[in-house]
Amino acid sequence: AVAGGVHEPRQQQYQLWNASTRRLPDNHTDENFLRDLVINANVTRRHYWQVVWESQYLLQQMCIALTVPATFLHLKSGVLSVQTLLYLNFGLLLMAAFMIIAVSCKATLLPALWKSVRQCFLLLTGLYNLSPLYQKLTLSISSDTIGASSVVLLILHLYLSNYSFKKSITETLSGAVSVGSAIAASVLLSSRLDTHYQVFSYLSFALGLFVLSPFFRKHLRQISGKAHLISTCFMLAITIGVAWKLSKTLAAAFGMLAVFTCCICPWLLISVEKHKVQISGPWDEAELAIYEAEKEA
């Protein structure tokens, strides 16, 4: 009797159909249906300055996406020479390595830097040998098509970029497509340069910004928030300066876009988030704790 008394409520709880409910519709709910309703139980409220800080990742990538094609235009017009761009590439690599060593001060970092130097040497060697091929890659395609395709690929790069990667920027499918679209845009633009030396210097510059700089910027923001903020301001100033030499309108438009991205968009997100309503209850699908642990890992 005791066992029956214990199990009787449970049996009634899981009894979905009986003689008394035959005439009820399929979507029938009783007065206790919303008793266990919970609103916004798992909603994380964001703070304005936190969103502004996190928007730096997008702003840095936007600066790179504008600096690379602007460098192509300066190189094509003769304002920027091949030697200057090569010196700039070498200087950026040295500055990145020096800043990482100076800020982190870890002895275990030197072997990793030496491995990176060897990988960069192999990459640049292969790139130099393929430069004549890249120069003649799109001889039968018009310049307008090349320009439009490059703009679309760079926008796709910004949209799919993995801004919160852990180990590699290509660890997700969207991240791999993002890097591939950025490299494709750089290759298309390089095919309009005059010499294979220009192609080599430009592609090495583009690969350094699109492929290598995310790791440097990620490491920098992990060890120093102040250095991360300074690097963002520095990149923004350089990008506006490079765009200013091409068009003052372009530089002003990018400056307004940066303000909109870092200041107005976070405010809009916080304002819209106030109206978000998430309901939870017994009707939600159950998730195993093992599955949730695997997602967090």
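User: Where is the place of Arg221?

Analyst: Happy to help! This is a predicted model, and its elements are numbered from the N terminus. Helix 7 covers residues 196-223. The place of Arg221 is in helix 7.

User: Which residues does Arg221 touch, not counting those up to four places away in sequence?

Analyst: A contact here means heavy atoms within 4.5 Å. Leaving out residues up to four places away in sequence, Arg221 touches Tyr57, Tyr163 and His228.

User: How many Å separate the C-alpha atoms of Arg221 and Tyr57?

Analyst: Along the chain, Arg221 and Tyr57 are 164 residues apart. In space, their C-alpha atoms are separated by 9.9 Å.

User: How far is the charged end of Arg221 from the centre of the ring of Tyr57?

Analyst: Good thing to look for in the picture! For a charge to sit over a ring, CZ of Arg has to be within 6 Å of the ring centre and within 35 degrees of the ring normal. The charged end of Arg221 does sit over the ring of Tyr57, and its distance from the ring centre is 4.1 Å.

User: What is the arrangement of helix 6 and helix 7 relative to each other?

Analyst: Two packed helices are described by the angle between their axes and the distance between the axes. Helix 6, residues 173-190, packs against helix 7 with the axes 10 Å apart and an angle of about 165 degrees. Angles over 145 degrees count as roughly antiparallel. Helix 6 and helix 7 are therefore roughly antiparallel.

User: Which residues of helix 7 make the contact with helix 6?

Analyst: The crossing of the two helices is right-handed. On the helix 6 side, the contact is made by Val179, Ala182, Ile183, Ser186, Val187, Leu189 and Ser190. On the helix 7 side, the residues are Val199, Tyr202, Leu203, Ala206, Leu207, Phe210 and Val211.

User: What kind of aromatic pair do Tyr48 and Trp49 form?

Analyst: A search of the whole structure finds 3 aromatic pairs. One of them joins Tyr48 and Trp49, with 5.1 Å centre to centre and 75 degrees between the planes. Planes over 60 degrees apart count as edge-to-face, so the Tyr48 and Trp49 pair is edge-to-face.

User: Is Trp49 buried or exposed?

Analyst: Its partner Tyr48 has a relative accessible area of 26% and is partly exposed. For Trp49 the relative accessibility is 66%, and the cut-off for exposed is over 50%. Trp49 therefore counts as exposed.

User: How many helices and strands are there in the chain?

Analyst: Of the 297 residues of the chain, 32% count as buried. The elements run α-β-α-α-α-α-α-α-α-α-β-α from the N terminus on. That gives 10 helices and 2 strands.

Methods. Residues numbered from 1 in each chain as written. Predicted model: local features only at pLDDT ≥ 70, side-chain atom pairs only at ≥ 80, totals over all residues. Heavy atoms only, no water. Phe/Tyr/Trp six-rings, centres within 6.5 Å; stacked < 30°, edge-to-face > 60°. Buried < 20%, exposed > 50% of the residue type's maximum accessible area, 1.4 Å probe, protein only. Axes fitted to C-alpha atoms, helices over the stretch in contact; angles between N-to-C directions. Helix = DSSP H or I, 4+ residues; strand = E, 2+ residues; numbered from the N terminus. Parallel < 35°, antiparallel > 145°, perpendicular 65-115°, else oblique. Left-handed = near helix turned anticlockwise from the far one by under 90°.
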